[in-house]
Each structure stands twice: as C-alpha cells, then as structure tokens.
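Subject: Structure for your review

Dear colleague,

Please find below the structure that I am passing on to you. I should be grateful if you would read the notes that accompany it.

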Amino acid sequence: MCETSATADGGGLAGEWLELAPNQTARILYPNPVCLLSVTANRGPYEHCPATNCMTISWLTAINNKGGFFCSMNQTRHTAELLPHAGFFVLNVPTVAQRELLLEVGGCSGRDGDKIAKLGLRFCSPGLRRAAALGPDTDASSGSHKPGHKRKRKQIERHERVLAHQDLPAWADAVAHLVCSVQRKDSHDGHNLLVCQVEAGYVRREYWSGRCFAPQQKALPGIATFLGSKVFGHVVALPDCTKEENVAAEAATATAAKAAAATAATAASATTTVAPIASVSTLQATRTPQPSLESV
C-alpha cells in the first residue's frame, strides 16, 4: 500500500509523490536502474563542515522483498570516503532523458571541488517530505502526540521517519528516491561490497502502477539503465493484463473454439449435391502441363 504526499514541484518534475510500503521498495531496483547516489557526511572529520557529494552507480541488485540490496563501489571514489561518516544515503533514479547529465556526474570528482554546484544539481527532501507533514497536533521534537489526540503507531513511526530523513539530499529531478543505510561492508578487488537496507522509498505517481516501477504513459521517458562504454538503455513496461483479464481471455478463447467445432460438425453432416465426375480423358485434356525439371 502506498501513501500519497502533497503535490509539489520541488525544483524538478511537477507531479505527485507516493510513499512506498516496505515490501514494495525493492521493486524500484528490479529494472536495474543506473542511479545517482547522494550523501552528506556529517560525522567524524566532517562534523563541523558537512560535505555533500553525488556519484553514479549501477552495480546494485535487490536481495529480498524487504528492501535489502547489494551494491559494489570502487574504493577510490570520493563518495566511498564520505559514506562511513553519514547515517544514510539516497539512491535517486533518473530517466534515459537525463543520460547526458549522468555522464557529467560520472566524469568529475567531488574531491576536486563542489560538483553539485558545478553541474547545477537541485536537491530536495526525499519524496518532498518535510516536518510540516507532522501536522499541528504533533510534537516535532519527539514525534509524540499532544493529549487528546489518538493516532495509530504506524502513523507515528512514519512521522519519525520523515523527521530523520528530511534533511538528506535527494535529487529533485529524479523519478524515485530510496533512503538507504549500510548494514555491512566487505572488500574485494579494490571495491567496497555493501549490503544495504532501504529505510524509505518514494516514487512519482506517473512511474508507479501500484505494483511495478515503469512509466505509465507512452510519452514519458523510460528508466535509465547503463550498458557500459557510455551507452544507456531504457526500461518500459509491456502492456499488462490483470489476472481477471487473462481468465476472461481464456474463457473467450474456449467459447470460440467450441463454436468453431460445432460449426464444423454441422457442415460435415449437412446434405450436399455432388457434381458428376469428369471422365479420365476429359481430365487429361484439361490438365495444365507441368514443366519438367530440365525446363525449370
């Protein structure tokens, strides 16, 4: 089940953002999208001067239906240095229409300067969620409610999640945001192998069918996927049939087959007038001569 956020522009594509249920967040990674990973380091050496950076990443895959996923990151990346000093990071999913910008992001390093300012990237809170979503009857400092107001624990947890994530850098022009945390890190062949968890997921309504992550209109650009050597592909959904439509189609096919069989049986049993058969000599005289193999 999805929850709807307010319609807003947020500096990017206008439209409505949906908050995904925990068991739906992994579906954002099913198309194997190339992502823009954004992070703000605010601990350790960055405690007094937080550093925000972004990088492109495509070596990632879902490992369960609860938001778990695996990714591989080159240890020489500037973002790899920042990640241990951040509580969370954001995976921002682009469309194939943004491929040139993705190449620019991947072609420069935040270690050499502020690449976000250089490329004019615009950021917002994930899913355009802010603390204002808590409402006037909620204590924004603790997520607790004032006396006389009863709300479900699920709503309280959702509000606390918004508070925890609202200052994270999410790319405003993306079509999906996944707020993530690193659960475990291993190293192999110069890469950090990260087991991560999606803590919250948001998607633009026009890219969510209720079950699948894909553009819902033909005019919308497809989800970007990276094929290597600066070549991109894009993912779109084939026409979908619901279970009910499949059952109806199968029933219609069975009915048509029965009708065709009945028609054939009726035709076979009907009385017809048979024309006289011509004599052998007549057939021989009227037969069209066939060319021999030598004349072909």
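The notes below begin with the chain as a whole and then turn to its salt bridges.

Please bear in mind that this is a predicted model.

Overall description

The protein chain contains 6 helices and 13 strands. Of its 296 residues, 39% are buried. Among contacts in the protein chain with a separation of 6 or more, 66% are made by residues 24 or more positions apart. The accessible surface of the protein chain amounts to about 17200 Å², and carbon and sulfur atoms contribute 56% of that area.

Salt bridges

The structure has 4 salt bridges, and three of them are described here, including the pair formed by Arg205 and Glu16.

In the pair of Arg205 and Glu16, the closest N and O atoms lie 2.6 Å apart. This salt bridge links distant parts of the chain, as its two residues are 189 residues apart. Arg205 belongs to the loop between strand 11 (191-204) and strand 12 (223-228), while Glu16 is found in the loop between strand 1 (3-4) and strand 2 (17-19). With a relative accessibility of 38%, Arg205 is classed as partly exposed. Glu16 is also partly exposed, at 21% relative accessibility; the value for Glu16 is to be read against the limit for a buried residue, which is under 20%.

A further salt bridge joins the side chains of Arg111 and Glu81, with an N to O distance of 2.7 Å. Arg111 is located in the loop between helix 2 (99-106) and helix 3 (115-119), whereas Glu81 is part of helix 1 (residues 78-82), so this pair ties together parts that are 30 residues apart in sequence. Arg111 has a relative accessible area of 43% and is therefore partly exposed. Glu81, at 35% relative accessibility, likewise counts as partly exposed.

Arg184 and Asp186 also form a salt bridge, and their closest N and O atoms are 3.5 Å apart. Which exposure class does Arg184 fall into? Its relative accessible area is 48%, so Arg184 is partly exposed; the class of exposed residues begins over 50%. Asp186 is partly exposed as well, with a relative accessibility of 38%.

To recapitulate the distances between N and O atoms:

- Arg205 and Glu16: 2.6 Å
- Arg111 and Glu81: 2.7 Å
- Arg184 and Asp186: 3.5 Å

Yours sincerely

How values were computed:
Residues are numbered from 1 along each chain as its sequence is written. This is a predicted model: local features need pLDDT of at least 70, side-chain atom pairs count only at pLDDT 80 or more; totals for chains, interfaces and linings use all residues. Side-chain values use heavy atoms; hydrogens and water are left out. Helices (H or I, at least four residues) and strands (E, at least two) are DSSP runs, numbered from the N terminus. Buried means under 20% relative accessible area, exposed over 50%, partly exposed in between (1.4 Å probe, protein chains only). Contact means heavy atoms within 4.5 Å. Accessible areas come from the Shrake-Rupley method with a 1.4 Å probe; for residues, only the protein chains shown count as cover.
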